[in-house]
Amino acid sequence: MAIRNVRRRLPVFPLLIAASLVVGWLIPSFYDWTGSDQSRPSPLIGQFAIGMLVSVSILSLALPWMPSPSLQHANDPAAPMRFTIRTVLIATAVVAMLLAAVAKFPLVTSGGIYAIVWCRVVWSMMKCRQSRLPTAAILACLYLPFVWIASWNGLSGILEALLGIALGLPAFFITLFAGRLSGQYIQELTWLLMLFTAIELAIGLWVVRLGPKVTVAYCLWVLVISIFGSFVLNALVRM
């Protein structure tokens, strides 16, 4: 019973925020420790990547059996999301219009979607007290793995390029992979960076409503994706 109470009081979301900050700050040191260079990546990189994927998979599968603190408050009722045929039809029409707009004006449309999602994030954190800490943890897992950029000494030559993609850094790894498949450079896919990041944020807002355990699992997965992107970016700026 005592162990169960300790687990319930464990500050999971603050720990995720702290872990994201520490990992992001240590990315350059980890790269140096692996002994990688521009022509030969260290075998340790693949081993650590596989280890993270396996660990996160195990933790995600084990979360349903782990106790978690209740985030409900009497003055912050969580309204369940309900889907009707009308809602689905409206959502389908909106998605179709957004896809057409992205195809015609990709940067403007993606930037608009990104701004709208961020406004929803701010509104959710201001209106609903119970969602503040989980949402903050999601934001930390998305952005803090790139915190090493603030202290990197070799950014003078690529600062403008980084500013151009800064809004979409959490989706750097996914966009880089998509660019390889489409034969485009990351500099040409700023709109896709913002779009993927907006999607990650929007999914996060929905996941927060499903409960703390699902939110923790989502935080772990977006953290892994951001760590991969942060490490690849750190490797690229050294070239």
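In the predicted model, helices α6 (residues 132-143) and α10 (residues 212-237) pack with their axes 8 Å apart, at an angle of about 15 degrees. The two helices are therefore roughly parallel to each other. Their crossing is right-handed. On the α6 side, the contact is made by Pro134, Ala137, Ile138, Cys141 and Leu142. On the α10 side, Thr215, Tyr218, Cys219, Val222, Leu223 and Ser226 take part. By class, the residues of this contact divide into nine nonpolar, two polar and no charged.

Proline 134, one of the α6 residues in that contact, counts as buried, at 2% relative accessibility. Its place in the fold also involves a remote part of the sequence. The C-alpha atoms of proline 134 and leucine 16 are separated by 9.7 Å. Along the chain, these two residues are 118 residues apart.

The contact of α6 with α10 includes a cysteine from each helix, Cys141 and Cys219. Are these two sulfurs bonded, or too far apart for a bond? The sulfur of cysteine 141 has its closest cysteine sulfur in cysteine 219, at 4.4 Å. That is too far for a bond, because a disulfide requires sulfur atoms within 2.5 Å. Cysteine 141 is also buried, at 0% relative accessibility. Cysteine 128 is buried as well, with a relative accessible area of 19%. This value falls under the 20% limit for buried residues. The structure as a whole holds zero disulfides.

A second partner of α10 is helix α9 (residues 190-208). The axes of α9 and α10 lie 9 Å apart, and the helices pack at an angle of about 160 degrees. These helices are therefore roughly antiparallel to each other. The crossing of α9 and α10 is left-handed. From α9, the residues involved are Glu200, Ile203, Gly204, Val207 and Val208. They meet Val214, Thr215, Tyr218 and Val222 in α10. The contact residues divide into six nonpolar, two polar and one charged. Thr215, Tyr218 and Val222 of α10 thus appear in the contact with α6 and also in the contact with α9.

Helix α9 also packs against helix α8 (residues 172-182). The axes of α8 and α9 come within 9 Å and cross at roughly 135 degrees. That angle makes α8 oblique to α9. The crossing of α8 and α9 is right-handed. Phe172, Ile174, Thr175 and Ala178 of α8 make the contact with Leu192, Leu193 and Phe196 of α9. Here the residues divide into six nonpolar, one polar and no charged.

Residues of α5 (residues 106-127) provide further long-range links. Serine 110 is found in this helix. At 0% relative accessibility, serine 110 counts as buried. Beyond its neighbours within four places in sequence, serine 110 is in contact with Trp191, Met194 and Leu195. The C-alpha atoms of serine 110 and alanine 198 are separated by 8.2 Å. These residues are 88 residues apart along the chain.

Valine 108 also has its place in helix α5. Is valine 108 buried or exposed? At 65% relative accessibility, valine 108 counts as exposed, whereas serine 110 is buried. The C-alpha atoms of valine 108 and tryptophan 191 are separated by 7.8 Å. Along the chain, the pair is 83 residues apart. Tryptophan 191 is also among the residues in contact with serine 110.

The overall architecture is helical. The chain has 10 helices and zero strands. From the N terminus on, its elements run α-α-α-α-α-α-α-α-α-α. Of the 239 residues in the chain, 36% are buried. Sequence separation was also examined across the contacts. Among contacts between residues at least 6 apart in sequence, 78% join residues at least 24 apart.

Terms used. Residues are numbered from 1 along each chain as its sequence is written. This is a predicted model: local features need pLDDT of at least 70, side-chain atom pairs count only at pLDDT 80 or more; totals for chains, interfaces and linings use all residues. Side-chain values use heavy atoms; hydrogens and water are left out. Axes are lines fitted to C-alpha atoms, for helices over the stretch in contact, and angles run from 0 to 180 degrees between N-to-C directions. Helices (H or I, at least four residues) and strands (E, at least two) are DSSP runs, numbered from the N terminus. Angles under 35 degrees count as roughly parallel, over 145 as roughly antiparallel, 65 to 115 as roughly perpendicular and the rest as oblique. A crossing is left-handed if the near helix is turned anticlockwise from the far one by less than a right angle, and right-handed if clockwise. Contact means heavy atoms within 4.5 Å. Ala, Val, Leu, Ile, Met, Phe, Trp, Tyr, Cys and Pro count as nonpolar, Asp, Glu, Lys and Arg as charged, and the others, Gly among them, as polar. Buried means under 20% relative accessible area, exposed over 50%, partly exposed in between (1.4 Å probe, protein chains only).
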